[in-house]
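Work through the exercises below with the structure open beside the text, trying each task before reading its solution.

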Amino acid sequence: MKRELIPSLILTIVCILFFSGIYPVVMWCIAQAAPNKGEGFTIKDSNGKYYYENIGQKFTDDKYFWSRPSAVGYNAAGSGGSNKGPDNPDYLVQVQAAIDTFMAHNPGISKADIPSDMVTASGSGLDPHISAQGAEIQVARISKVRGLDKSKVAALVKEHIDGPMYGMGPERINVLKLNIALDNLK
Amino acid sequence: MYPQIFGVVVMFVATLLLAVPLGRYIAKVYGGQRVWTDFIFKPIEKLFFKVSRIDPAIEMGWKQSLVALLTINLIWFLWAMFCLMNQSWLPLNPDHNANMTPDLAWNTAISFLVNCNLQDYSGETGVSYFSQVYALMFLQFVSAGTGMAAAAVVFNALKDRTTENLGNFYIYFLKSCTRILLPLCMLIATIHLFEGTPMTFKGIDTLTSVQGDTMHVSRGPVAAFVAIKHVGTNGGGFFGANSAHPFENPTYLSNIVQMIAQLLIPFAMMFAFGFYCNKKRLAWVFWCVMTTGFLILVVPTIIAEVQGNPYIAHMGISQPGGNMEGKEIRFGAIASAFWSIATTVISTGSVNAMHDSFMPVSGMNMLLGMMINSFYGGVGVGFLNFFIYVILAVFIGGLMVGRTPEFGGKKIEAREMKIAMIIALFHPFLILAGTAVASYLAAHDTNMGWWFADAAGKHNASGWFNNPSHHGFSEMLYQYTSSSANNGSGFEGLADNNPFWNISTGIVLLFSRFLPIIGPVAIAGLLAGKKFIPASSGTLKTDTGTFGMLVFAVKVIIAALAFFPALALGPIAEWMKMH
């Protein structure tokens, strides 16, 4: 062991300099060529304010399309899911409460049309997306609150559905982009 | 659903297509042959060896290789402890995160040292950028390199010859890092940069949301980190939510890239063994055994997640996306279910959905993946674990046909068998003993004193559950299984950042990492020194489907005998209650 100590120690030092020093710096340099210099993709609204495109936001106001429930309240200084087991009685009470709230704010919809993603928390607590069905079911409420034509809002939702990538993966809607477009709708 | 199914098929097939040429490349690297990366890395390696006073021409025996391995690992451990316990005054700490407590630093340092990456902290608040990059990411490189180097020593020992010299450990280690891990990482990190993963040293950004709330957004040098996290099957996330976080895994494409990245080297190591030892058929037999096990676990998991939660169905809403609790919309239930099994059969332990909220069948399959721990397995160590089962199968097969057991022209004798048995049984022992102690404490609601306090400051042992009943038992079983398999994923509801869990899992991690490296290297070293007997008509052929089935049966029998009672109390009981 003594014989290996000095070589191991020096090899460790040069490896730290190489893998923790040079490699991240090289990646940082490449990042300067990436959109927004590797500081996270941003989008701007009509007032010029910027937001992070991939980080979901809390939307609980009736005039906006709602995001999914979140275990961290969309505070992206942290992240995480509820970690509730599927048969946990407390958890099932929470889901029932989320369904009741959703029904109360969206009168006239049928319970069977609520997709489960609108009443369950995501893994990160920062999910920027909802399902297409989750947006469509909110169209009636939005158009009523904003006094807009239902078909116009429905068309906006349809426009914002991101289809599968090269035929792979689920359909989804970025809630932030949809709501910014909604604010711009006359 | 079809686009989602198509997505996972593409991930699997693409991995296989890339793994075969990569396996050939790895075999060339370990064989010291000329490869295209020579022009840049050869001078660097030469310089490294020169300053470290290592003579790469000197070959080592298996004992000396292990001494070198353990010595350098000890140095890494001390370095990581230093960083984690002093990060508050060290540079690159824009968010002013505090030092780790000694028990948390112990757990974190060991867990990254042993390629497990069990994380009892959250990346946003628990570590500085210096700790992330200079302690944790450094360990992600070198721990993967260590596992691969140990596998390379075994490859060398399994060649058809008699020798004591098994190459130079330092060369295997350094080349694994520079020639294999680093180029892949740079490619994968670059793809991530253009998909939306940050790579910045700036701290938390504060802004106002559309609705008018103040929100904070954690960032960091994520792209570099996320690449080695998967290529080295480490699995420790930059952020608390790991690859469910929209910065760490922003799109479906980045999800595919990360999945291929983590499966790639475990696949390729198997083929590298075939090319290196000129046993290509045997390598394919091994790969097919592993794939069979993987498919048996992954298909029921996908079905269970797509069907969704029967309790929620009962509430009268629809589940078009399946069980969505703890899952992200952009990945969907199928890619998340596929990931949950891939990450547990290999020892990555990264997650793109929260395992605690999966259906009981899925939870059981994740546990089984880690209990068997060699359907692919982690980089390097997956092959070593599998090798133990091969030795057991050769012995049992030899007894069945009444011949002296042989593998690769070398006799398997009592000494090798003893080592193999100890290693094979130690894994269930660590898992079950740990779970038994924790269950005893929880069942008696013991006052844990200094060892444990929940969020409310109470010291009752039952406070560490996030879920009651059978699922709570599964949380404890999962924690020790994940530790002993060096996996690192968790049923994250468990309150694990306290001295009891930090220290006990830390001890399990140390044993479960180094014994399964020492054992197979010792067996291979002993075999290498034995006389080579050319195959005759009486030799039990190992590169056949029959032998593959035998290996599979050995695995299933050991896992079933050891783990069925524990699984019956956890996920199986939960499933029965549900249906």
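**Exercise 1. Find which residue of E2(B) stands opposite Thr206(B), and describe the pairing around it.**

In this predicted model, Thr206(B) stands opposite His216(B) in E2(B). Widening the view to the strands, E1 (residues 205-208) and E2 (residues 214-217) of chain B pair in the antiparallel sense, over four bridges. The last step is the connection, where five residues lie between the two strands of this hairpin, and Gly212(B) in the turn has a positive phi of about 105°.

**Exercise 2. Determine the order of the strands in the open three-stranded sheet of chain A, and say which strands stand at its edges.**

Begin with the order, which is E3-E5-E4 in chain A, with antiparallel pairing. Strands E3 (129-130) and E4 (161-162) of chain A each have a single partner strand and stand at the edges, so each has one side without a neighbour in the sheet. Next, take the pair made by E4(A) and E5 (residues 172-174) of chain A, which run antiparallel and are joined by two bridges; here Ile161(A) stands opposite Ile173(A) in E5(A). Finally, add helix H6 (residues 175-184) of chain A, which packs on the sheet by touching E3 and E5 of chain A, while its direction makes about 60° with that of E5(A).

**Exercise 3. Work out how H9(B) and H10(B) are oriented to each other, and which residues meet between them.**

The helices concerned are H9 (residues 252-277) and H10 (residues 280-307) of chain B, which pack at an angle of about 160° with their axes 7 Å apart. Angles over 145 degrees count as roughly antiparallel, and H9(B) and H10(B) are therefore roughly antiparallel to each other. As to handedness, H9(B) passes H10(B) in a right-handed crossing. In the contact, Met270(B), Phe271(B), Phe273(B), Gly274(B) and Phe275(B) of H9(B) meet residues of H10(B) that include Trp284(B), Phe286(B) and Trp287(B). Sorted by class, this contact of H9(B) with H10(B) has nine nonpolar, one polar and one charged residues.

**Exercise 4. Describe how H13(B) packs with H10(B), and then how H13(B) packs with H18(B).**

Take H10(B) and H13(B) as the opening pair: their axes come within 8 Å and cross at roughly 160°, which makes H10(B) roughly antiparallel to H13(B). The crossing of these two helices, H10(B) and H13(B), is left-handed. Among the residues that make the contact are Gly293(B) and Leu297(B) of H10(B), together with Val361(B), Leu368(B) and Ile372(B) of H13(B). By class, the contact of H10(B) with H13(B) divides into six nonpolar, five polar and one charged.

Turn now to H13 (residues 360-372) and H18 (residues 545-578) of chain B, which pack at an angle of about 160° with their axes 9 Å apart, so that H13(B) is roughly antiparallel to H18(B). The crossing of H13(B) and H18(B) is right-handed. The contact includes Val361(B), Leu368(B) and Ile372(B) of H13(B), and Phe563(B) and Trp575(B) of H18(B). The contact of H13(B) with H18(B) has 14 nonpolar, one polar and two charged residues.

**Exercise 5. State how many residues each chain gives to the contact between chains A and B, and divide the side of chain B by class.**

Count by chain to begin with: the contact takes 98 residues from chain B and 87 residues from chain A. The side of chain B that touches chain A then divides into 55 nonpolar, 30 polar and 13 charged residues.

Key: Residues numbered from 1 in each chain as written. Chains lettered and ligands numbered in written order. Predicted model: local features only at pLDDT ≥ 70, side-chain atom pairs only at ≥ 80, totals over all residues. Contact = placed C-beta atoms within 7 Å. Nonpolar A, V, L, I, M, F, W, Y, C, P; charged D, E, K, R; others polar. Axes fitted to C-alpha atoms, helices over the stretch in contact; angles between N-to-C directions. Parallel < 35°, antiparallel > 145°, perpendicular 65-115°, else oblique. Left-handed = near helix turned anticlockwise from the far one by under 90°. Pairing = 2+ DSSP bridges.
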